[in-house]
Amino acid sequence: MAKTTNRTLPPTEGPFIAVGRALAPAGLAGDIRIEPLTDVVGLFSKGRSLWLRGERFEVERAQRRKGQVLVKLSGVDSREAAEALRGEAVEVPKSLLEPLPEGRYYRFQIVGMQVYDAGRGHLGEIRQVLTTGANDVYVVEGERGEVLLPAIDDVVKEVDVAGGRMTVDLMEGMLPEEREGRVP
């Protein structure tokens, strides 16, 4: 139900969203490796625009390789120019993001949501989304401490993006006091 698509960077302020992170140069012609923070691969396609440090670049070519995307950006024509972009967020305007199928969300839509359990009340705010092999895990921080919520249908019951609210049904032992043998 609640699979997110962005993986590690926090949301970008303003109208841009981080969709990747520039890594090391690849070769001598200005190609650069990008760690994608989304599984929407079309964002890195030839002819698309990407922004780094507030500057717009056109993708001249792109190739997926071992969990990364190898891209050649317009105006980045040397290894040195690619190296200068290392570590930068790769962004796109929110307006260019493709709508996702029902039950799928971009990371920036999930981080910051208030989380409620029907029987236990307010649990806190989602601060981070961890990507695991099986499913994402939402890190919720609140008065009861840190709660790790698996993003699975058995736990996540409702996601209200517009209202910034997620309703969950916690399994026994998920709250810190339950793991420590203390019941509230």
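**Exercise 1.** In this predicted model, state what share of the contacts between residues at least 6 apart in sequence joins residues at least 24 apart, and set this beside the secondary structure and burial of the chain.

*Solution.* Among those contacts in the protein chain, 54% join residues at least 24 apart. Next, the secondary structure: the chain has 3 helices and 14 strands. Finally, burial: 40% of the 184 residues count as buried. The accessible surface comes to about 9,600 Å², with 49% of it belonging to carbon and sulfur atoms.

**Exercise 2.** Describe the largest nonpolar core and name the strands that each supply at least two of its residues.

*Solution.* Start with the members: this core has 23 residues, and Ile32, Phe44, Leu50, Leu52, Leu73, Val90 and Leu97 touch the most other members. Then assign strands: β2 (16–25), β3 (32–36), β4 (49–52), β5 (55–65), β6 (68–73) and β7 (89–93) each supply at least two residues. Now take leucine 50: leaving aside neighbours within four places in sequence, its contacts include Ile34, Phe57, Leu73 and Val90, and also the charged residues Glu55, Arg56 and Glu91. Another core, of 20 residues, lies apart from the largest one; among its members are Leu123, Val156, Val168 and Leu170.

**Exercise 3.** Classify the ring pair of tyrosine 106 and phenylalanine 108.

*Solution.* The whole structure holds 2 aromatic pairs. In the pair of tyrosine 106 and phenylalanine 108, the ring centres are 5.8 Å apart and the planes stand at 20 degrees; planes under 30 degrees apart count as stacked, so this pair is stacked. Both tyrosine 106 and phenylalanine 108 are buried.

**Exercise 4.** Which ring lies under the charged end of arginine 165?

*Solution.* The charged end sits over the ring of tyrosine 116, 3.8 Å from the ring centre.

How values were computed
Residues are numbered from 1 along each chain as its sequence is written. This is a predicted model: local features need pLDDT of at least 70, side-chain atom pairs count only at pLDDT 80 or more; totals for chains, interfaces and linings use all residues. Side-chain values use heavy atoms; hydrogens and water are left out. Helices (H or I, at least four residues) and strands (E, at least two) are DSSP runs, numbered from the N terminus. Buried means under 20% relative accessible area, exposed over 50%, partly exposed in between (1.4 Å probe, protein chains only). Contact means heavy atoms within 4.5 Å. Accessible areas come from the Shrake-Rupley method with a 1.4 Å probe; for residues, only the protein chains shown count as cover. Rings of Phe, Tyr and Trp (its six-membered ring) pair if their centres lie within 6.5 Å; planes under 30 degrees apart count as stacked, over 60 as edge-to-face and the rest as tilted. A charge sits over a ring if NZ of Lys or CZ of Arg is within 6 Å of the ring centre and within 35 degrees of the ring normal. A nonpolar core is a set of buried Ala, Val, Leu, Ile, Met, Phe, Trp, Tyr and Cys residues joined through side-chain atoms within 4.5 Å.
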